[in-house]
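Work through these exercises with the sequence and the model at hand. Try each task before reading its solution.

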Amino acid sequence: MIVGLIYLTAFVAAFGAYIVWNRTREARHDFTSLKTVTFGDESTVSANRFASIVSIVTLFALWGAFTGSKIVPIHVPGPFIGDTSFEYTATNATGQTANATVYLRVHPIGEDVALPEATGGNGFARDDAAKIGAWRSGLVKPETNDEGGKEDGYRVTAIDGNSIAPEQTVRFAHGDITMTSKGTLSVKPDRGLQMEPIWLPSPEAVVYRLIEIARDGYKNFTLWDHLGSSLWRVVLGFFLGSIVGIPLGYAMGLSNWFRGWFDPIVEFMRPVPPLALIPLVIIWFGIGEEGKIILLFLAALWIMTIAARAGVSGVKISKVHAAYSLGASKWQVLKNVIVPNSLPEIFTGARVAMGVCWGTVVAAELVAAEKGAGMMIVNASKFQLTDIVIMGIILIGVIGYGIDILMRIAENWLVPWKGRG
Amino acid sequence: MGSLKIDRISMRFDLPGGGAVQALKDVSLELNKGELLSVLGPSGCGKTTLLNIVAGFLAPTEGEILLNGKRVKGPGPERGMVFQQGALFEWMNVRKNISFGPDMAHKPAVETARKVDELLKIVGLKDFGDKMIYELSGGMQQRVALARCLANDPDVILMDEPLGALDALTREKMQGLVLKLWKETGKTIILITHSVEEALLLGERLLVMAPRPGRIHREYNLPFADLGVSQDLRMVKKEREFGERREEILTMIWDMEEEIMGRQEDVA
């Protein structure tokens, strides 16, 4: 809620600052403002680099600010950590009152600290000591060391002079105290607005975890084994899907019989999400490597078939006519005109197929796997190792993006004529 | 010797909803080697259909095409075709496009390369051999299309509105090039066009076709193509006879168009 509001504010502020800055610039050379004439024209809308950079910086700044990161200078208030105390007033069975102090030591989770000293007190009341982990709450039982504390009629009546009764909550210097129905004090030091690392670790914690896992591995396999096996499955499944799908697509584009025979199958399988096949694949082939490759093969197959079919059907008839009237045989037309003409479509299909395969492999590994990017994060989530989960998600995103970039580079390099026919 | 004979060609297309369209009816024509024929007519007169039949892309319902006495049964390298646009292979560079015919016939590479060099010079693209098709302007692309067709050394060149998509200035330049190539190579050429001026300029013989059913309406023998070989084309256009012919043919085509419109109104 608060995060959303801050994010919205950052968006509006950055946008406003940019507009103001842009306006001062346009006042100097005024012609760019004429661009608004083409408002609504898709071709005039391109990603604003400045906005992209500010957006990423904002995301990391917010992440850092809410996790107490050291790489960000400004933080939202964190949980209270340190020593504090409050005074309680107790009434014993005979109606006498006495005050004593409870010394609290709030420490970061996982750190071993000593109890604070507590030796004073007046009357029958004795000082108490307690330690509480940050973001946690702790129970304090003043009656245990007070004289007559076990007798009926003994009760705590006030905290720092503010009266308290069972089920009531009173503030002290660094948090809230609620009295339970049995008279025990439940102390809840201030939590601030920062997220606890088990919910959201700081950016540097994720980076450290990445370095650690890159060095030591996770669950018997190195990080490269996990990522590599996912990638290997994708590449192999995609490759198999392509070597079956592309010739099938060509056959469907060139022959009525093939088109008729395979159209119902392809058109039926196309809208079935590959994820829906996971249960069947597991039943048939188990959770091993074989099943995953077959799943990815199926994920890539239909996409590549349809891309190849579209590539063949999309050939301009005048190109085929031209080749024939230049003396080419049927086979030569196929090799020199239809195949190269279909390559741009096939590349588009390949990019889509790689994306789908990558998504499918991660999902399949979430269900069951010995190693792989998906297995890594689902395993870590069972032990609430949030830093590994976040690291895994980022790596999966980076690799998916990397695959797409590589495919685009390959496309520009191999089919530079795309869209220029 | 070396003649193209179009013998009583008829073409009917069956419509999907039943019925049929008579695209061509009883078209006969004979062309001698080296003749330049332009074909003109309102849309729907079947001129592109006729060209596709001569090229062998379509089989006529009746009649036959004879080239040098041999019956045409399908597309072949002895009948080259130049399309309006977009028929070049954009995955090949200019040289590869031009050498496509010889390459398909497995002609010796050295000989083909020499031929391509020569053709590049003729069509004025000497320094563009290694460019990709999409790097060229529309006019340059049509020069490549002409060169590609000539590289195969066909007996007949069929041109389907080859200059239709070009701007006026480029078009005039290209008309000069077509005439030059015609004279230098001595090829038989059939050129289909929408432009009356172009048909007059580039037609030793001019065929005006009429629609519904597609048929030959009138034939002319014209002097302008020969004049254009040695003269500036703009000078040719200034000739009195050129102007008269243009008016005459324009009126003829307008009348045909009006007749079609009238008939449609009658139906309505």
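**Exercise 1. Find what share of the contacts in chain A with a separation of 6 or more joins residues 24 or more positions apart.**

Solution. Start with the term: two residues are in contact if their C-beta atoms, placed from the backbone, lie within 7 Å. Then take the contacts in chain A with a separation of 6 or more. Residues 24 or more positions apart account for 64% of them.

A note on the source: this is a predicted model, where local features need pLDDT of at least 70 and side-chain atom pairs count only at pLDDT 80 or more, while totals for chains, interfaces and linings use all residues. Residues are numbered from 1 along each chain as its sequence is written, and chains are lettered from A and ligands numbered from 1 in the order in which they are written.

**Exercise 2. Describe the overall build of chain A: is it compact or spread out?**

Solution. Step one, count the elements. Chain A has 11 helices and 9 strands. These are DSSP runs numbered from the N terminus (helices: H or I, at least four residues; strands: E, at least two).

Step two, check the spread. The radius of gyration, taken over C-alpha atoms, is set against a globule rule of 2.2 Å times the number of residues to the power 0.38. For 421 residues the rule gives 22 Å, but chain A has 33 Å, so it is more spread out than a compact globule.

Step three, look at the box. Along the principal axes, the C-alpha atoms of chain A fill roughly 115 × 70 × 40 Å.

Step four, check burial. A residue is buried if 20 or more other C-beta atoms lie within 10 Å of its own, exposed if 12 or fewer, and partly exposed in between, with C-beta atoms placed from the backbone. Buried residues make up 31% of the 421 residues in chain A.

**Exercise 3. Split chain A into domains, then examine the crossing of H4(A) and H7(A).**

Solution. Domain bounds come from an automatic or database domain assignment. Chain A is divided into domain 1 (1-25 + 47-76), domain 2 (82-189) and domain 3 (205-414). The C-alpha centres of domains 1 and 3 of chain A lie 36 Å apart.

Now take helix H4 (residues 223-254) and helix H7 (residues 289-313) of chain A. Their axes come within 6 Å and cross at roughly 35°. Axes are lines fitted to C-alpha atoms, for helices over the stretch in contact, and angles run from 0 to 180 degrees between N-to-C directions. The crossing of H4(A) and H7(A) is right-handed. That is, the near helix is turned clockwise from the far one by less than a right angle.

**Exercise 4. Compare A:Trp135 and A:Asn220: which is buried and which is exposed?**

Solution. Place A:Trp135 first. It sits in the loop between strand E3 (128-133) and strand E4 (138-140) of chain A. Its phi is near 70°, a positive value in a residue other than glycine. A:Trp135 is buried, because 23 other C-beta atoms lie within 10 Å.

Next, A:Asn220. It lies in the loop between helix H3 (203-216) and H4 of chain A. Its phi is also positive, about 75°, although it is not a glycine. A:Asn220 counts as exposed, because it has 8 C-beta neighbours inside 10 Å.

**Exercise 5. Where do domain 1 and domain 2 of chain B meet?**

Solution. Chain B is divided into domain 1 (34-61 + 156-268) and domain 2 (86-154). Their C-alpha centres lie 26 Å apart. The contact takes 11 residues from domain 1 and 9 residues from domain 2 of chain B. On the domain 1 side, strand E7 (156-160) and helix H6 (168-185) of chain B each give two or more residues. H6(B) gives the largest share, 5 residues.

**Exercise 6. Locate B:Thr188 and list its contacts.**

Solution. B:Thr188 is in strand E8 (residues 188-192) of chain B. It counts as buried, because it has 23 C-beta neighbours inside 10 Å. Leave aside neighbours within four places in sequence. B:Thr188 is then in contact with B:Leu4, B:Leu31, B:Lys33, B:Gly34, B:Glu35, B:Asp155 and B:Val156.
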